[in-house]
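Reader: I am new to this structure and should be grateful for a guided reading. Please set out the terms as they arise.

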Amino acid sequence: MSVFSVPDMSCGHCKASITEALEAIDDTVEIDADMDTREIDVFSEAGDEAILVALKNAGYPATLKS
């Protein structure tokens, strides 16, 4: 699991867009979004760098927290 800070995530639509972007690179991805902290926990085989690129391309630049 990796934790990403996604400062531009603010609503359910954002979460849906992020989920769609990550499912495009790993159809088995699991995401737990915390709207209050604007963080997502991601369980994926894709790798952190690929996730960061997918988030950026979807319009949600992020940083890896752990």
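Author: A residue is called buried under 20% relative accessible area, exposed over 50%, and partly exposed in between (1.4 Å probe, protein chains only). The model is predicted, so local features need pLDDT of at least 70 and side-chain atom pairs pLDDT 80 or more, while totals for chains, interfaces and linings use all residues. Residues are numbered from 1 along each chain as its sequence is written, and side-chain values use heavy atoms, with hydrogens and water left out.

Reader: Which side chain of opposite charge is nearest to Asp-26?

Author: Lys and Arg count as positive and Asp and Glu as negative; His and the chain ends are not counted. A salt bridge requires a side-chain nitrogen of Lys or Arg within 4 Å of a carboxyl oxygen of Asp or Glu. Asp-26 is buried yet has no such bridge. At 17 Å, the nearest side chain of opposite charge is that of Lys-15.

Reader: Which backbone nitrogen lies 3.0 Å from a polar atom of the side chain of Asp-26?

Author: Contact means heavy atoms within 4.5 Å. Leaving aside neighbours within four places in sequence, Asp-26 is in contact with Ser-44, Glu-45 and Ala-46. The backbone nitrogen at 3.0 Å from a polar atom of its side chain is that of Glu-45.

Reader: Which residue meets Glu-39 in a salt bridge?

Author: Side chains of opposite charge can pair when their charged atoms come close. The count by the rule comes to one salt bridge. In the bridge of Glu-39, the N to O distance is 2.5 Å, and the partner is Lys-65.

Notes: A polar contact is a pair of N or O atoms within 3.5 Å; within protein, one must be able to donate a hydrogen and the other to accept it, and residues adjacent in sequence count only if both atoms are side-chain atoms.
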